[in-house]
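Colleague: I should be grateful for a close look at a single buried site in this model, followed by an account of the parts of the chain that can be described with it. Please keep to what can be computed from the coordinates.

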Amino acid sequence: MKHHNSNTDSSSVINLSTNNGSSLSPIISPVIDSLDQSQESLDHDTDQSQVNASESFDFDRSETQARESNTVPLSQILTKIFSSLHGNPVLPNNVTDVVFKGIQEIFSVFLNQHLSPHVLVHCSHELGKLSSFYKRLKYFEDLGTLVSPEPYIVGRRMDYVKRNGRNCYRAIDCVAQKIPLRLMLKKFFSIPNLLMQTLGRMNSLMRLDESKPIEHFVQGTLWKQKMTIHGEKIVIPLFLQVDDFETQNALGSHSGIHKLGAAYISLPTLPTNYVSQLNCIFLALLYHSQDRVEFGNEIIFKPLIEQFNDLIRNGIHFDLPDFQGTVYFELAVLLGDNLGIHSITGFCESFSGKFPCRMCRMDKSQVQKELFEKESLLRNLAGYEKDLLLNDPTLTGIKEKCIWLKVDDFDFFNQIGYDVMHDLSEGCSKYVMCSLIVALIDRCKYFTISILNDKISSFEYGPDKADKPVTLSILNLRKGNLRLTASEMCTFCKYFGVMVGPFVPQDDRFWSIYILLMRVINFCLSPVFLPCQLAYFKHLVSDLCESYTSLFNVNLKPKFHNLLHYASAMERFGPLRHLSSMRYEAKHRPNKLVAKSSSNRINMTLTIARKHQLMFNDLFIQNNISSKANCGQKIEIPLSETENILNQVHPTTCVVQKLYRVPWTSRNSVRYNLNCVIVSSIDEENVHFARVDSIYVSDTDDTVVFKAIQLKTIAFDDHVFAYHVQDISSSMKQFVFIDLNKMQSPFVCNCTPMNNDINFPEFFVVLRKPISP
């Protein structure tokens with residue numbers, strides 16, 4: 001069998017021609033501007049005739065003078081250029097070398113004619129610090145912005161290696177990479193205002209009245225219990241997600257050889273506009289999946305467990321302008337897909353075994369039939385210890401002792417999360433929708449597969465067009481195979497009612513399971529819920545499972561059984577949407593791009609881990625997390641109009657700022673265009689919508705105001721699972737002004753026309769994200 005090799009570093013190779021006519025002016029122009037300032041300041045103080053380029057030169061002088069004259073020093077510009085190049089996952093290292101040679105050539109050929117010798121000596125000195133990949137790494141480390149990965153040996157294996165031109169069968173080290181979390185967290189929270197914003201959000205969430213809806217993890221019972229133990233300590237929760245990903249073609253002949261396992265750390269209490277950004281999710285470990293299988297979980301995860309214990313025991317001391325003190329970090333939830341969780345916690349990885357559930361001791365026959373969670377069968381630590389003594393996976397479902405029990409205060413059965421993405425989007429939703437579509441087509445004859453595919457192809461998905469589902473095959477559907485990604489499946493389920501609902505009678509018995517499925521999805525993905533609603537959710541899940549078994553004469557699969565535990569999980573963790581693997585799966589993408597851009601497969605873990613840390617190096621050099629705010633061309637509006645708009649959205653406060661009209665704006669990856677439909681208000685009776693007529697932004701882009709036409713909400717149509725909305729005639733239009741920062745649901749909705757009435761057009765409005773259960 002062919003094994004991976006972990007001996008040496010990976011050198012990325014790509015053939016690029018320097019004679020392709022590409023211009024480096026966008027990169028070089030700020031360098032030239034800085035040099036012009038240095039030239040002028042030095043010429044003012046120095047007699048040019050007495051300068052010898054070969055004499056010693058005060059390299060810090062021009063840097064100091066640049067700062068005093070409010071210009072950007074040359075070293076700072078070069079640092080930003082090369083940190084951004086190395087922080088791009090698509091660019092291999094030799095592309096940066098090509099750029100360096102281009103900059104060096106400009107200095108030596110073009111600028112040599114315009115700059116004095118002592119300035120050229122200074123430029124050569126600054127460039128010399130960055131002349132090779134090794135020197136650039138050393139420069140970033142000395143700067144304190146690069147936290148390099150640390151290799152550790154997980155075992156040895158025999159393999160053939162080439163020595164002196166001959167293949168020798170020798171023992172080689174199997175190496176994984178760990179990232180020093182203490183350094184990463186300290187550097188990350190040293191970004192201005194970030195730590196105080198995080199702590200402020202935590203405090204505001206935990207101070208909320210218990211009668212208020214639960215909207216965050218820290219409001220769940222698990223973290224409340226943790227805080228009673230910690231007392232006055234400042235503790236920030238950490239989420240750990242472990243997953244495998246294939247760096248090469250998963251269907252290719254070499255699949256599995258370079259399959260890697262990654263452990264990611266996220267911070268759920270970050271400000272809302274940062275928490276889902278990929279540059280706020282850290283890589284903690286990177287290892288070969290084959291090594292974990294061969295050498296075991298303990299040797300792989302031991303360095304990570306030690307770091308978690310250090311963070312909760314000793315914490316990290318911060319001495320910032322706005323905060324001085326020690327902050328502790330604790331592993332709060334262990335996340336992953338079902339197979340991943342079972343593999344790293346010691347449970348059997350076969351879900352067709354006698355005891356497939358990690359949370360209870362229901363056997364396979366009970367899992368296939370039971371409709372409610374049974375508290376008497378829930379696993380606990382006392383029963384877990386007895387099961388370990390039996391040492392028989394066929395009687396317990398346990399292969400080995402969980403290594404995460406070595407983490408301080410880790411409550412095993414209360415700190416393992418559930419993944420809505422794999423359980424619902426890639427699990428129960430596919431099972432239900434496959435059976436439902438086949439029944440509607442083959443048994444009820446309401447429409448054909450051609451009609452459904454025409455609807456899928458021609459439907460206007462609006463803000464969800466990036467996740468447009470592909471056309472379906474009736475043969476695959478009859479086999480129970482719906483080939484859609486998790487995002488495409490969410491989109492398909494959301495709009496399926498509007499697509500084919502009009503073909504189906506109101507009282508159809510098969511259609512009722514679609515309504516139940518959508519209610520379950522809405523509850524699981526809802527950003528808030530009341531504790532008293534969990535009893536309703538239990539019965540909702542029970543009804544869904546019972547309908548699935550009775551309508552289609554099948555047994556429940558293990559993912560349906562997982563839903564039975566969701567109500568108790570929500571009580572512990574809060575809304576389950578925050579535990580989804582969706583963003584962690586997205587985190588795989590830059591790592592795969594790094595592997596794809598490198599033609600070398602030696603020590604792939606170091607190649608990817610180092611590039612990942614170089615991405616964070618670029619973030620730390622910028623010392624700022626982008627808020628992802630953007631807009632179209634700004635057109636200034638009169639002062640009187642500005643005052644009128646601000647008085648509409650801030651009637652009780654005196655806000656003085658300049659506003660501009662723009663054709664579109666984007667905030668936190670949500671794009672708002674003219675004529676898009678947004679949620680204007682929510683009350684106890686209904687959700688109200690408005691169509692955007694004008695968009696206004698402030699000069700600092702921190703304020704966004706929509707001038708919108710109020711729409712009339714007739715009712716929620718349960719049959720198609722969408723809101724029935726009517727557009728008001730032009731003579732009766734009512735304008736409303738909406739501040740984006742005060743919107744209860746900041747997402748753009750999708751409209752599907754119901755009629756062709758010009759005066760009173762009617763629409764089905766589908767919420768892009770659920771508002772409440």
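Modeller: Phe 347 touches His 342, Arg 358, Arg 379, Gly 397, Ile 398, Lys 399, Phe 412 and Phe 413, leaving aside residues up to four places away in sequence. The model is a predicted one. Phe 347 lies in the loop between α12 (338-345) and α13 (364-367). Its relative accessible area is 0%, which is under the 20% limit, so Phe 347 counts as buried. One of its contacts, Lys 399, is 52 residues away in sequence, yet the two C-alpha atoms are 5.4 Å apart in space.

A second buried site is Asn 617, in helix α25 (residues 604-622). The relative accessible area of Asn 617 is likewise 0%, and this residue is therefore classed as buried. With residues up to four places away in sequence not counted, Asn 617 touches Ser 83, Phe 140, Thr 145 and Leu 146.

These two sites may be set against the chain as a whole. Of its 773 residues, 52% count as buried. The chain has 26 helices and 20 strands. Among contacts between residues at least 6 apart in sequence, 70% join residues at least 24 apart.

Burial can also be followed along a strand. In β3 (residues 235-246), 11 of the 12 residues are buried, and the strand is thus mostly covered. β3 pairs with two strands described here. With β7 (residues 324-335) the pairing is parallel and extends over seven bridges; within it, Gln 241 has Leu 335 as its bridge partner. With β4 (residues 259-266) the pairing is antiparallel and comprises eight bridges, and here Asp 244 stands opposite Gly 261.

Further along the chain there is an open sheet of four strands in the order β16-β17-β20-β19, with antiparallel pairing. Its edge strands are β16 (712-717) and β19 (750-753), each of which pairs on one side only. On average, neighbouring strands in this sheet are turned by 30 degrees against each other, direction ignored. β19 is joined to β20 (residues 762-766) by four bridges, the two strands running antiparallel. Thr 752 has Phe 764 in β20 as its bridge partner. Helix α19 (residues 486-500) packs on this sheet and touches β17 (722-726), β19 and β20. The direction of α19 makes about 160 degrees with that of β20.

Helix α19 also takes part in enclosing a cavity. The count comes to two cavities of 30 Å³ or more, and the second largest cavity holds about 40 Å³ of space. Its lining consists of Val 420, Leu 424, Ser 425, Ser 429, Met 489, Cys 490, Cys 493, Ile 521 and Leu 525. The helices α16 (420-443), α19 and α20 (511-525) each supply at least two residues of this lining. The most comes from α16, with four residues. By class, the lining has seven nonpolar, two polar and no charged residues. Helix α19 thus touches three strands of the open sheet and contributes to the lining of the second largest cavity.

Terms used: Residues numbered from 1 in each chain as written. Predicted model: local features only at pLDDT ≥ 70, side-chain atom pairs only at ≥ 80, totals over all residues. Heavy atoms only, no water. Pairing = 2+ DSSP bridges. Axes fitted to C-alpha atoms, helices over the stretch in contact; angles between N-to-C directions. Contact = heavy atoms within 4.5 Å. Buried < 20%, exposed > 50% of the residue type's maximum accessible area, 1.4 Å probe, protein only. 1 Å grid on protein atoms, 1.4 Å probe; cavity = no way out; pocket = protein on both sides within 12 Å on 5 of 7 lines; lining within 4 Å. Points joined across faces, edges and corners; volume = space filled by probe spheres on them. Nonpolar A, V, L, I, M, F, W, Y, C, P; charged D, E, K, R; others polar.
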